[in-house]
Amino acid sequence: MLPVKKFTDFIEQNALFEPKSKILAAVSGGMDSVLMIHLLKAAGFNFDIAHVNFQLRGEESIADQNFCKQLAKQLEVPFHTTKFDTQQYAAGQKISTQMAARDLRYQWFEEIRQSGSYSVIALAHHQNDAIETILLNLTRGTGIAGLHGILPKNGALVRPLLFLNREEIQSLITENGYTYVEDSSNASVKYARNKIRHEVIPKLKELNPGLENTFKNNLRHFRDLEVLLELKLDELKKDLFIPQGDELHLSLADIKKLNPKRLLLFKLLQPYGFNETAVDDLIDSLDKHSGRVFESAAYKLILDRDKVILVKKTERHQQNLLIQPTDHTVNYHNYKLTLLHDDSPLIIKDNPMAVAIDADLLIYPLLLRAWEQSDTFYPLGMKTRKKLSDFFINQKIPLHVKNEIPLLVNGNNEIIWIGGYRPDERYKVNKNTKKVTIFELIKFENVSI
């Protein structure tokens, strides 16, 4: 007799799918998937069968495919099948055969699901599979997410057999006289999962014969802890991440209050590609001098006095840009620079993004570029030369912002204007100025992170 009530209760409790949902059942022909489709049939669900031939076991793979086809015919449900050159795919992608098979089957299942308008893809994982997954994750290194094992529902993937363990499945198969196929590779311990299944778990069951029930309870606790952590992280993101244009600012004082600091900071920064090593280095640097930069593949963290700045990396294809007297508009990285020539000695006030320069002092071509360590200029209102690096420090400009600032340089290599901040005293408009060139910077809007 099949445990149909327990089966449907588990589906309902975990909201796997609705009674009238259209289901794509992934069937290998093994006892787990065979039991799953018999339960689906007995419970009256609407399902089709999908089988993948990975062409890894010669005639045995063909026999499995034929078995599944006959099973679909017996149950009077539609049958989908395909085959892959799994080894060739693995070699091309430089991944293991097992990983290749996993990628190929899930990609194909999803294609069939979408083209056939199926609500979900039903997989026949059970409690022992969940135990194996946890142990695998622990040996490879994992966070809390790796401890919840296999979830009953993950997007369109559902696992309605997670209420059963392997022994219960074997007993039900025997009791009901169902035939199934045995994958000979399941007995091999060359694969990590099989090694855990055949060598590690039996030893653990010697210590705890009720291992499946223990892990079942543990899984529930781990999942609850994960939910609790995610709720806490959502609260922290709202309080800790302060949007500033295309940046996020995190107060150093607030970071130091985090407890447990390492776990929470890692989980907050993980979505931006930062690993635990980078987070450890950041924590070690919190009480040190500012200016340190930590990078992931797509983002930068800049330690800046009383805060940490999170900003998306920008690609720089263009280093220097020449400006001719006939130019009216030029683009430089995230800026547009406009030029306007005027015969009257205008002076621009209260607009740091625009400047009027004595046109007779300009030597073309002018140059737009980023700052360099050796740069000096005469800040407007001063008669002495100043290092640009010192000017940036006095203005408290963060490192990543310094590198974004466009410098307007004359043909004699003198700095005319630190775009958006300060012109050079030598190029200001004065009583002897006859005509001016007005430069205005407009910063392009970036997509916020």
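In which loop is proline 365 found? In this predicted model, proline 365 belongs to the loop between β15 (354–358) and β16 (366–369), and the views below begin with that loop.

**View 1. Two cis peptide bonds, each leading into a proline in a loop.** Tyrosine 364 and proline 365 are joined by a cis peptide bond, with omega about 0°, and proline 365 stands in the loop that runs between β15 (354–358) and β16 (366–369). A cis peptide bond also leads from asparagine 259 to proline 260, where omega is near 0°. Proline 260 is placed in the loop between α10 and α11.

**View 2. Serine 117 and asparagine 413, two loop residues with positive phi.** Although serine 117 is not a glycine, its phi is positive, at about 55°, and this residue is found in the loop between α5 and β4 (120–122). Serine 117 counts as exposed, because its relative accessibility of 57% is over 50%, the cut-off for that class. Asparagine 413, likewise not a glycine, has a positive phi of about 75°, and it lies in the loop between β19 (407–409) and β20 (415–418). With a relative accessibility of 64%, asparagine 413 also counts as exposed.

**View 3. A salt bridge within helix α5, between arginine 113 and glutamate 110.** The structure holds 24 salt bridges, and one of them brings together the side chains of arginine 113 and glutamate 110, with a distance of 2.8 Å from N to O. These two residues are three residues apart in helix α5 (residues 97–115), so about one helical turn separates them. Arginine 113 is buried, with a relative accessible area of 18%, whereas glutamate 110, at 25% relative accessibility, counts as partly exposed.

**View 4. A salt bridge within helix α8, between lysine 195 and glutamate 199.** Here the closest N and O atoms of lysine 195 and glutamate 199 are 3.2 Å apart, and the two residues form a salt bridge. Because they are four residues apart in helix α8 (residues 192–207), lysine 195 and glutamate 199 are separated by about one helical turn. Lysine 195 is partly exposed, with a relative accessible area of 38%, and glutamate 199 counts as partly exposed at 37% relative accessibility.

**View 5. A salt bridge between helices α12 and α11, and a network of salt bridges.** Glutamate 276 and arginine 262 form a salt bridge in which the closest N and O atoms are 3.3 Å apart. This pair links distant parts of the chain, since glutamate 276 is in helix α12 (residues 276–285) and arginine 262 is in helix α11 (residues 261–269), 14 residues apart. Glutamate 276 is partly exposed, with a relative accessible area of 39%, and arginine 262 is partly exposed, with a relative accessible area of 39%. Salt bridges that share partners also join Asp129, Glu132, Arg166, Arg193 and Arg197 into one network.

**View 6. The buried residues of helix α11 and what covers them.** In α11 the buried residues are Leu264, Leu265, Phe266, Lys267, Leu268 and Leu269. Their cover includes the helices α9, α10 (252–257) and α12, together with the strand β10 (299–304).

**View 7. Alanine 130, a buried residue of helix α6.** Alanine 130 is found in helix α6 (residues 127–140), and it is buried because its relative accessible area of 1% is under the 20% cut-off. When its neighbours within four places in sequence are left aside, alanine 130 is in contact with Gly149, Ile150 and Leu219. Between the C-alpha atoms of alanine 130 and leucine 268, which are 138 residues apart along the chain, the separation is 27 Å.

**View 8. A negative surface patch to which helix α9 gives the most.** The residues that form this negative patch are Glu230, Asp234, Glu235, Asp239 and Asp254. Helix α9 (residues 211–240) gives the most to the patch, contributing four residues. Glutamate 235, which is found in helix α9, is partly exposed, with a relative accessible area of 48%.

Technical notes. Residues numbered from 1 in each chain as written. Predicted model: local features only at pLDDT ≥ 70, side-chain atom pairs only at ≥ 80, totals over all residues. Heavy atoms only, no water. Patch = residues over 30% accessible without salt bridge, like charges linked within 9 Å, V, L, I, M, F, W, Y side chains within 5 Å. Areas by Shrake-Rupley, 256 points an atom, 1.4 Å probe, with all protein chains shown as cover. Salt bridge = Lys/Arg side-chain N within 4 Å of Asp/Glu carboxyl O. Lys, Arg positive; Asp, Glu negative; His and termini not counted. Charge placed at Lys NZ, Arg CZ, Asp CG, Glu CD. Buried < 20%, exposed > 50% of the residue type's maximum accessible area, 1.4 Å probe, protein only. Contact = heavy atoms within 4.5 Å.
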